[in-house]
Amino acid sequence: FWGDRSCHFVQPGHTFVNMDGVLTLENITDWPGGTWIHTARNIRREGNLMFTELRRDDLTWNSFFTVVEDGYYFKNVNGELRRMNAGCKSLGSCLHGYTLKADAFYIYCANLVCDKTVDLVTCCDDAEP
């Protein structure tokens, strides 16, 4: 009458689901943005940790893990993830009188974190041209 007594190593951000009386780690498939995804395989995420294999310049694979948060963008640099400047989409909205550009997902801010004032011209258009 007792269920499986296996243990899980719990990380911040882990979410568990009840699968027929057994707590199971929820599989997260929300990947951070950036170009890294085109040279990655075997990607998995556990809470705010992401594990993947990344292709190196010599076409071999490197196992790598990193902490991810909302608004993070990465690129693959020879089998390791490096943070890119944030995408304009991470602004969420622009200052009053402006709207995010239609292609905001593909435009990057000046720094690792977007700023509504600094990145106004890059990320936003006049609401009424």
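**Group meeting talk: sheet, salt bridges, rings and cores**

At 7% relative accessibility, Tyr73 counts as buried. Keep that residue in mind. I will come back to its partner shortly. One caution before we go on: this is a predicted model.

Let's stay with the rings. How many aromatic pairs does a search of the whole structure find? The search finds four. Tyr73 belongs to one of them, together with Tyr108. In general, two numbers describe a pair of aromatic rings: the distance of the centres and the angle of the planes. For Tyr73 and Tyr108, the centres are 5.8 Å apart. The planes stand at 90 degrees, and the pair is edge-to-face.

Where do these two tyrosines sit? Tyr73 is in strand β7, residues 73-77. Tyr108 is in the loop between β9 (98-100) and α1 (120-123). They are 35 residues apart, and the pair links distant parts of the chain. Tyr73 is buried, as I said. Tyr108 is partly exposed, with a relative accessible area of 30%.

Another pair joins Phe105 and Tyr106. This one is also described as edge-to-face, with 5.3 Å between centres and 85 degrees between planes. Phe105 counts as partly exposed, at 43% relative accessibility. Tyr106 counts as exposed, at 64%.

Back to strand β7 for a moment. Val77 is found there too. Is Val77 buried, partly exposed or exposed? Partly exposed, at 36% relative accessibility. Now compare sequence and space. Val77 and Leu54 are 23 residues apart in sequence. Their C-alpha atoms are 8.9 Å apart in space.

Next, the sheet. Three strands form an open sheet, in the order β4-β5-β6. The pairing is antiparallel. Which strands stand at the edges? They are β4 (40-46) and β6 (61-67). Each has a single partner strand, so one side of each is left without a neighbour in the sheet. From one strand to the next, the twist averages 15 degrees.

Let's walk across. Start with β4 and β5, which pair over five bridges. Glu46 has Leu49, in β5, as its bridge partner. The hairpin of β4 and β5 has two residues between the strands. In that hairpin, Gly47 takes a positive phi near 65 degrees.

Step over to the other side of β5. Strand β5 covers residues 49-55, and pairs with β6 over seven bridges. Here is one partnership to find on screen: Met50 is matched with Thr66 in β6. While you look at these strands, remember a general point. In a regular strand the side chains alternate between the two faces of the sheet.

Now the charged side chains. How many salt bridges does the structure hold? It holds three.

Take Arg41 and Glu53. Their side chains meet at 3.0 Å, N to O. Arg41 lies in strand β4 and Glu53 in strand β5, so the pair ties together parts that are twelve residues apart in sequence. Arg41 counts as partly exposed, at 35% relative accessibility. And Glu53? Its relative accessible area is 19%. The cut-off for buried is under 20%, so Glu53 counts as buried.

Move along to Arg44 and Glu46. Their closest N and O atoms are 3.8 Å apart in the salt bridge. Arg44 is partly exposed at 39%. Glu46 is partly exposed at 21%. You have met Glu46 already, as the bridge partner of Leu49.

Then there is the bridge between Arg82 and Glu80, at 2.7 Å, N to O. Arg82 is partly exposed at 38%, and Glu80 is partly exposed at 31%.

Finally, the cores. The largest nonpolar core has 13 residues. Which of them touch the most other members? Six names: Cys88, Leu91, Cys109, Cys114, Cys123 and Cys124.

Zoom in on Cys109. Set aside its neighbours within four places in sequence. Cys109 is then in contact with Asn85, Ala86, Gly87, Cys88, Cys114, Asp119 and Cys123. Cys88, Cys114 and Cys123 appear in both lists.

A second, separate core has eight residues. Trp36, Ala40, Met50 and Phe74 are among them. Met50 should sound familiar: its bridge partner is Thr66, in β6.

That's the tour. Questions, please.

Methods:
Residues numbered from 1 in each chain as written. Predicted model: local features only at pLDDT ≥ 70, side-chain atom pairs only at ≥ 80, totals over all residues. Heavy atoms only, no water. Core = buried A, V, L, I, M, F, W, Y, C linked by side-chain atoms within 4.5 Å. Buried < 20%, exposed > 50% of the residue type's maximum accessible area, 1.4 Å probe, protein only. Contact = heavy atoms within 4.5 Å. Pairing = 2+ DSSP bridges. Helix = DSSP H or I, 4+ residues; strand = E, 2+ residues; numbered from the N terminus. Axes fitted to C-alpha atoms, helices over the stretch in contact; angles between N-to-C directions. Salt bridge = Lys/Arg side-chain N within 4 Å of Asp/Glu carboxyl O. Phe/Tyr/Trp six-rings, centres within 6.5 Å; stacked < 30°, edge-to-face > 60°.
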